[in-house]
Amino acid sequence: ESYIAKVEELAKIKLKQEEDKATVRLHSFEFTKAEKIKSLKSSSVSTKVRAASTSSNLPLHFPETVLCCEVYHNRKTWLKTQEFLVLGRQFLTEVRDKIYCLTDEIMKKAGQHDPSGYFLIEDVFCNDMREASATDYSKPILDWLKDSKNEALEKWEIIVSGELQQKQKALLGGETKQSLPSLKSLHMQTTRFCDVRFRLGAGYLYCHQGDCKHVIVIRDMRLIHPEDIQSRDAYPLITYQAKFLHKKCSVCKIYKAEKMTVDDKWAPSNPCYFCEVCYYMLHYADGSLLYNDFDVYDYHHG
Ligand SMILES: [Zn+2]
Ligand SMILES: [Zn+2]
């Protein structure tokens with residue numbers, strides 16, 4: 001009897017082993033399948049995209065913080081144009097490079113693009129000095145503060161206390177001396193979000209192309225969650241983009257613009273925006289280019 005029980009037990013173990021083997025095989029099969037799809041994908045994309053995705057293996061550090069960062073329109077200051085999720089360990093320049101502003105495009109076209117720019121966060125100017133031709137926009141401001149202390153203080157007091165309080169002060173004769181904030185500057189490209197002191201919800205400044213200014217707000221901060229995208233390269237992740245930033249094709253007015261042409265004699269406008277379909281319909285016949293006395297650019301949406 002005990003012999004039969006032993007055989008049955010052995011048979012059970014054997015069965016379990018077979019099951020385990022099968023699942024292992026199944027997993028490895030799925031693994032190779034996934035790998036195959038991946039390698040297929042990477043071989044079919046353009047070199048530029050591939051170069052970007054090879055660095056995507058950068059692991060996330062734990063614990064990592066995620067900040068929600070908002071950018072507002074330069075003239076319609078109440079209008080939010082973009083929203084990003086950015087990692088605490090990312091450099092400020094990584095967000096700067098994702099900010100879309102028409103002024104940049106206009107200056108590029110005019111051949112007067114200036115790579116300079118800064119974020120003013122609390123009392124720190126973070127200047128983008130990556131390009132050799134970049135200038136420190138904060139320097140004349142800091143110099144002025146140093147050289148014209150009295151004038152600066154007077155202005156600062158008005159800004160801080162407001163007109164009403166100025167009147168009250170005149171009435172009551174109370175003299176509470178304000179002091180200027182001690183503004184400083186550093187380099188944007190070596191400063192990470194976790195290096196700067198900020199308050200959630202406070203309005204900070206992004207300035208570029210001389211005097212194109214945008215309000216930026218760090219709206220929220222939290223730890224990264226398993227449901228967040230776990231690849232560092234996906235960040236700053238655009239989570240909101242104002243509809244008007246998606247330029248439409250000037251011909252069909254339906255599809256998103258993919259190409260932009262300049263000095264294009266048959267185009268309805270200059271510059272002119274095209275979707276892929278309309279661009280080929282206007283410029284190609286039987287696979288060959290009809291004319292080439294124009295410039296064409298890929299049009300990227302932010
Ligand atoms: Zn701008
Ligand atoms: Zn079109």
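What spacing do the donors of the zinc ion (ligand 2) follow along the chain? They follow C-x2-C-x22-C-x2-C.

## Model and conventions

This is a predicted model: local features need pLDDT of at least 70, side-chain atom pairs count only at pLDDT 80 or more, and totals for chains, interfaces and linings use all residues. Residues are numbered from 1 along each chain as its sequence is written, chains are lettered from A and ligands numbered from 1 in the order written, and side-chain values use heavy atoms, without hydrogens and water.

## Zinc site

Cys249, Cys252, Cys275 and Cys278 each give an SG donor to the zinc ion (ligand 2), at 2.3 to 2.4 Å. Donors here are N, O and S atoms within 2.8 Å of the metal (3.2 Å for Na, K and Ca). The arrangement is tetrahedral because the 4 donor atoms subtend angles of 99 to 117 degrees; the class requires all angles between 85 and 135 degrees.

Cys275 is buried, at 3% relative accessible area. Cys252 is partly exposed, at 24%. Buried means under 20%, exposed over 50%, partly exposed in between (1.4 Å probe, protein chains only).

## Nonpolar core

The largest nonpolar core has 20 residues. Such a core is a set of buried Ala, Val, Leu, Ile, Met, Phe, Trp, Tyr and Cys residues joined through side-chain atoms within 4.5 Å. Leu92, Val95, Ile99, Phe119, Cys126 and Phe193 touch the most other members.

Phe193 contacts (heavy atoms within 4.5 Å) include Leu67, Val86, Phe91 and Ile218, leaving aside residues up to four places away in sequence. Another core, of 9 residues, lies apart; among them are Ala267, Phe274, Cys275 and Cys278.

Definitions and conventions:
Tetrahedral: all angles 85-135°; square planar, octahedral: opposite > 155°, others 65-115°.
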